[in-house]
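Work through the following exercises with the model open beside the text. Each task is followed by a solution that goes step by step.

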Amino acid sequence: MNPFKLILIVLAFLSVSIHAQRDEASEILNDLCADDMYGRGYVKFGHIKAAKYIQEYYKKINLKSFKKNTYLQPFNIKANTFPNDLEISINGKVVIEGEDYMLDPASGSANGDFKLEIVDSKSISNFISKLSYSKITNLKGSAIVLNSSTTSNVDTLKIFNDLKIGLSQLYPVFWINNDKFTWSVSKEASEFPIIEIRDSMLQNADSVSLKINNLFLNDITTHNVIGKVNGKKNKTIIISAHYDHLGMMGEAIFPGANDNASGIAMLLSLAKYYSNKTPKYNLVFMAFGAEEAGILGSKYYVEHPYFNLDEIKFVVNLDILGTGDEGITVVNGVQHKKQFKELSKINKENNYLSKIKIRGRAANSDHYWFSQLGVPAFFIYTMGGIKAYHDVYDRSSTLPLTEFDDLYQLLIDFVATF
Ligand SMILES: [Zn+2]
């Protein structure tokens with residue numbers, strides 16, 4: 001054979017084996033971010049579909065369960081949702097949810113035509129006195145546009161924010177946001193919607209037509225998905241990641257590729273790696289639900305644990321693992337210096353990641369409730385690369401999984417140090 005051709009074949013094989021983990025992870029990522037998962041939220045049972053997907057994966061790799069015949073730990077939450085088509089037209093022009101505007105997650109409903117009442121930093125005091133002299137009826141049939149982008153004064157901004165909350169019990173509110181749109185899940189709802197929008201969309205507009213209907217769900221049953229690999233010793237290392245995301249806003253789907261299909265892809269890859277081994281310690285894989293609704297799945301777990309929390313040697317929580325161009329950050333690194341040094345040492349020796357940044361406590365993911373109870377825990381997230389976050393652009397097709405393989409190896413090496 002022509003030696004050049006041989007080299008090409010060898011190279012092709014090498015690149016396949018080098019990226020084996022990443023390739024499998026991309027498949028998981030695509031599955032979890034597909035349209036039929038509906039953003040893994042509370043519209044069209046997206047969260048249930050995602051939990052079932054993880055359950056099937058656990059079953060396939062033969063993880064043990066704590067409860068008979070199920071990996072699911074059910075619990076109940078509240079959430080505000082937008083399951084129906086939304087329609088906003090401004091001076092007759094239809095604008096698109098998720099792209100041209102974003103509903104505040106606590107938005108209520110509004111249907112019909114509304115006259116726009118513009119409030120900026122110049123007119124705000126006049127507007128407030130109009131409110132307090134109970135000429136409020138003048139505003140009937142109005143939607144209030146709060147344009148706080150016209151000021152940088154902290155006190156004025158505070159007044160704008162208070163107005164936003166108060167007025168949304170009485171009128172539809174437009175809130176000018178010329179920066180990035182960021183969505184979340186709300187456990188409460190106001191009477192009327194708060195619509196975040198670019199000021200350019202409202203230029204020369206004097207009226208809007210709205211069809212916005214929220215559905216507040218008081219009692220949703222969602223789940224943690226928990227499986228186990230038995231070790232030689234009766235102590236446990238937990239690998240955790242949340243699988244839920246924001247769901248849908250009208251027809252807009254929030255795929256949540258980086259946040260946190262990427263973490264689940266890593267959790268499942270590690271579960272598969274350990275599933276045919278007997279590690280030193282038990283490894284428990286916890287895919288938490290309802291993180292976006294207020295870190296609720298992990299909170300429920302620590303309040304209803306399957307085994308004594310004293311048995312936990314360490315928790316490694318994974319949330320947002322899709323890039324890594326600028327390395328990773330370790331939350332609680334400051335609290336657990338010994339383990340942080342160990343992690344950094346392995347990384348240096350093997351040239352895995354460009355940087356491991358240390359950070360202190362933060363209540364920003366599922367490690368938090370464990371930490372609060374004195375259980376040692378890290379929360380690891382990747383840095384650099386694309387900036388899509390809590391928006392419609394956090395898609396699997398554009399998530400590079402840049403350092404996925406290196407991080408996979410680093411985590412396996414780290415677990416082995418216990
Ligand atoms: Zn997250």
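A residue is called buried if 20 or more other C-beta atoms lie within 10 Å of its own, exposed if 12 or fewer do, and partly exposed in between, with C-beta atoms placed from the backbone. The model is a predicted one, in which local features need pLDDT of at least 70 and side-chain atom pairs count only at pLDDT 80 or more, while totals for chains, interfaces and linings use all residues. Residues are numbered from 1 along each chain as its sequence is written.

**Exercise 1. Backbone exceptions**

Task: State where asparagine 69 and phenylalanine 45 are found, and classify each by its C-beta neighbours.

Solution: Begin with asparagine 69, whose phi is near 60 degrees, a positive value in a residue other than glycine. Asparagine 69 is found in the loop between helix 3 and strand 1 (72–81), where helices (H or I, at least four residues) and strands (E, at least two) are DSSP runs numbered from the N terminus. Asparagine 69 has 6 other C-beta atoms within 10 Å and is therefore exposed.

Turn next to phenylalanine 45, a residue other than glycine whose phi is likewise positive, near 60 degrees. Phenylalanine 45 belongs to the loop between helix 2 (20–33) and helix 3 (46–60), and because 16 C-beta neighbours lie inside 10 Å, phenylalanine 45 counts as partly exposed.

As a last step, consider the peptide bond between aspartate 259 and asparagine 260, which is cis, with omega about 0 degrees. Asparagine 260 lies in helix 6 (residues 257–275).

**Exercise 2. Overall dimensions**

Task: How does the radius of gyration of the protein stand against the globule rule for 418 residues?

Solution: Count the secondary structure, which comes to 10 helices and 18 strands. The radius of gyration of the protein is 24 Å, close to the 22 Å from the globule rule for 418 residues, so the protein is as compact as a globular protein of that length; the radius is taken over C-alpha atoms, and the rule is 2.2 Å times the number of residues to the power 0.38. Along the principal axes, the C-alpha atoms fill a box of roughly 75 × 60 × 40 Å. Of the 418 residues, 46% are buried.

Then take the contacts, defined as pairs of residues whose C-beta atoms, placed from the backbone, lie within 7 Å. Among contacts between residues at least 6 apart in sequence, 84% join residues at least 24 apart.

**Exercise 3. The open sheet**

Task: Give the strand order of the eight-stranded open sheet, and say which strands stand at its edges.

Solution: Two strands pair if DSSP finds at least two bridges between them. The order of the eight strands is 3-2-9-5-6-7-8-4, with mixed pairing. Strand 3 (93–95) and strand 4 (101–103) are at the edges with a single partner strand each, so one side of each has no neighbour in the sheet.

Now follow individual pairs. Strand 2 (residues 87–90) runs antiparallel to strand 3 over three bridges, and isoleucine 90 stands opposite lysine 93 in strand 3. Strand 5 (residues 110–120) is joined to strand 6 in the parallel sense over six bridges, with leucine 146 in strand 6 as the bridge partner of valine 119. Strand 6 (residues 142–147) is mostly covered, five of its six residues being buried. Three bridges link strand 6 in the parallel sense to strand 7 (residues 173–176), and isoleucine 144 stands opposite valine 173 in strand 7.

**Exercise 4. Crossovers**

Task: Which helix makes a β-α-β unit with strand 16 and strand 17?

Solution: A crossover is right-handed if, with the strands pointing away from the viewer, the path from the first strand over the helix to the second runs clockwise. Helix 8 (residues 337–350) makes a right-handed unit with strand 16 and strand 17. Strand 16 (residues 328–331) and strand 17 (residues 356–359) run parallel, joined by four bridges, and isoleucine 328 has isoleucine 356 as its bridge partner in strand 17. A right-handed β-α-β unit is also made by strand 6, helix 5 (residues 154–167) and strand 7.

**Exercise 5. Two domains**

Task: How many residues does each domain bring to the contact between them?

Solution: The domain bounds, which come from an automatic or database domain assignment, give domain 1 (21–81 + 218–415) and domain 2 (87–212). Their centres, taken over C-alpha atoms, are separated by 36 Å. The contact takes 17 residues from domain 1 and 15 residues from domain 2. On the side of domain 1 that touches domain 2, strand 1 gives the most, with three residues.

Terms used. Two residues are in contact if their C-beta atoms, placed from the backbone, lie within 7 Å.
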